[in-house]
Amino acid sequence: QQQRQRQQQQTNTNTKKNVPKAKNTNKEVPNYKSQAEANLRMIPTSLFDLFKSKEYEEEEKEEKSYFENNAKCENVFTLGLEGVGHHAFQMGKDAFVKTLLREHLRNVEEKKKSGNTNNNKDIVEMHAREEDRMFIDNDDHFWNLILENKYDEIFKTFRKGCEEVAKKNGNEKTACYSTRSFSFPHKLGPFATGSGLDVNHAQRWDPRNPEHRKYLFDHGHPINILKYFEAAERNGCQVKFILLHRNIVETARSHKTWDQGLEKHLNVLKMFAEYIDVSLANLPSNSWRRVNYEDFWRPHEERDRIFQTLATDFLHWSSDAHESFMNSQFDLNVHPRKYKTNDKPPCDEVRELDRVQRNFFDRKLTSYSKREKHVTNLPLSHFFTESPNKALYEQCWEASKASLLGKQ
């Protein structure tokens, strides 16, 4: 009887092995326009598999794990299309992310001076500093390394420089931070043609050209997002990506004369949004979060809660988001002023740009638009409902709402 039971168990085991797994017929099959894009979706590198299969459960442990030789090198990189508000958010001297970092640096210094280990107990480092170029000697050298995808050299230099600083600090835990980032696309790019070679007259990218698409999805521009992240990890550094989204109406119109006009510029932005989307899909889930540019115009309490969550829960900085915002160059009145000119766009233009966002960005870019990736679980912002200028287009919204929401 025992023998028959063992035989039955073996039969069941073999049957299970031979039964094919059921296919998920509900899974959306992406329509890739190039093999490069398909390959990017299926990157098999063991490093990405490692981070996707094993997310750190304790964020504190994740932070401390980067203090090899008592040094941590971290790049907080803002991912965003041209026109999403990089200058006020990250690029300017007193941009919000920079003032957010400076407050954290001050808190680290104050804790060190006071010798009080109880206050600001979430601060792990004993010393912290900003190294925007990651210890690369000059901006031209840094940019050339970016263009040539020599990310290992960048992050190797970043780690070595931070370890040297840690030694000078008596081998006490030292964190080196960079917020160096670029817009997508950035400047002219490798294919620019046209009169004068400037962004107003040049056709920088042609989304219909397979060569352009292959270059973007294989080589990357201005960075190869996945290779950049992988190089940081390989050299003992960390990259945290902040995806900055802005409604597509104002994103596209902010540089509406570039790429030989609004229609072509919009198509370039759509291609780069695709590139960002497929890259995000292959990043570890805990390596990026989204905020909306329009979050700054939400009621004060909600705005502070959103950006405090970004600072505390994602960046693990001790900064006070409200104080950092007040100390930043962010001007809540600068954009509404632009609509009090003869350049105010007509209703039909705004409506059709909003339709592009709803049909393309909201529906097709599944990682980019994922609601739960926003730091407080908000959907992508839209012009008619979140823009600080929405009041100027209330009649347009009422007339367009049914069509845009698919209710007619």
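His374 is buried in this predicted model, with a relative accessible area of 2%. The residue sits in the loop between α16, residues 347-364, and α17, residues 383-386. Which residues does His374 touch, leaving aside those up to four places away in sequence? They are Arg290, Val291, Asn292, Asp295 and Ile306. A further histidine may be named here. His245 and His374 are separated by 129 residues in sequence, and their C-alpha atoms are 10.0 Å apart in space.

His245 brings us to the strands, since strand β4 covers residues 237-245. Strand β4 pairs with strand β1 in the parallel sense, over seven bridges. In that pairing, Leu79 of β1 stands opposite Leu243 of β4. Strand β1 also pairs with strand β3, residues 174-178, again in the parallel sense and over five bridges. Here Ala71 is the residue that stands opposite Thr174 in β3.

How many of the nine residues of β1 are buried? The strand runs from residue 71 to residue 79, and nine of its nine residues are buried. In a regular strand, side chains alternate between the two faces of the sheet. In β1, Ala71, Cys73, Asn75, Phe77 and Leu79 point one way. Lys72, Glu74, Val76 and Thr78 point the other way, and the residues of both sets are buried.

Two charged residues of that second set deserve attention. The side chains of Lys72 and Glu74 meet in a salt bridge, with 3.7 Å from N to O. Both partners are buried.

I turn now to salt bridges elsewhere in the model. The count comes to 27 salt bridges. One of them joins Glu163 and Arg159, whose closest N and O atoms are 2.8 Å apart. Why are these two residues separated by about one helical turn? Glu163 and Arg159 are four residues apart in helix α8, and therefore about one turn lies between them. The cut-off for a buried residue is under 20% relative accessible area. Glu163 has a relative accessibility of 17%, so Glu163 counts as buried. Arg159, at 7% relative accessibility, counts as buried too.

Asp206 and Arg208 offer another case. Their side chains meet in a salt bridge of 3.2 Å, N to O. Is each partner buried or exposed, and what are the values? Asp206 is buried, its relative accessible area being 15%. Arg208, by contrast, counts as exposed at 71% relative accessibility.

Salt bridges also link residues into a network. Its members are Lys98, Glu130, Asp132, Arg133, Asp139 and Arg180.

Asp139 leads to the next topic, as helix α7 spans residues 139-147. The axes of α7 and helix α8, residues 151-168, come within 8 Å and cross at roughly 135 degrees. Angles from 115 to 145 degrees fall in the oblique class, and α7 is therefore oblique to α8. On the α7 side, the contact is made by His141, Phe142, Leu145 and Ile146. On the α8 side, Tyr151, Glu153 and Ile154 take part. What is the character of the residues in this contact? Five are nonpolar, one is polar and one is charged.

Lastly, I would draw attention to some features of the backbone. A cis peptide bond joins Phe184 to Pro185, with omega of about -5 degrees. Pro185 lies in the loop between β3 and α9, the latter being residues 210-218. The peptide bond from His221 to Pro222 is cis as well, and its omega is near -5 degrees. Pro222 is placed in the loop between α9 and α10, residues 225-234.

Asn171 is not a glycine, yet it has a positive phi of about 60 degrees. Asn171 belongs to the loop between α8 and β3, and with a relative accessible area of 46% it is partly exposed. Asp259, which is not a glycine either, has a positive phi of about 60 degrees. Where does Asp259 lie? Its place is in the loop between α11, residues 248-253, and α12, residues 262-282. Asp259 is buried, with a relative accessible area of 2%.

Notes
Residues numbered from 1 in each chain as written. Predicted model: local features only at pLDDT ≥ 70, side-chain atom pairs only at ≥ 80, totals over all residues. Heavy atoms only, no water. Axes fitted to C-alpha atoms, helices over the stretch in contact; angles between N-to-C directions. Parallel < 35°, antiparallel > 145°, perpendicular 65-115°, else oblique. Contact = heavy atoms within 4.5 Å. Nonpolar A, V, L, I, M, F, W, Y, C, P; charged D, E, K, R; others polar. Buried < 20%, exposed > 50% of the residue type's maximum accessible area, 1.4 Å probe, protein only. Pairing = 2+ DSSP bridges. Salt bridge = Lys/Arg side-chain N within 4 Å of Asp/Glu carboxyl O.
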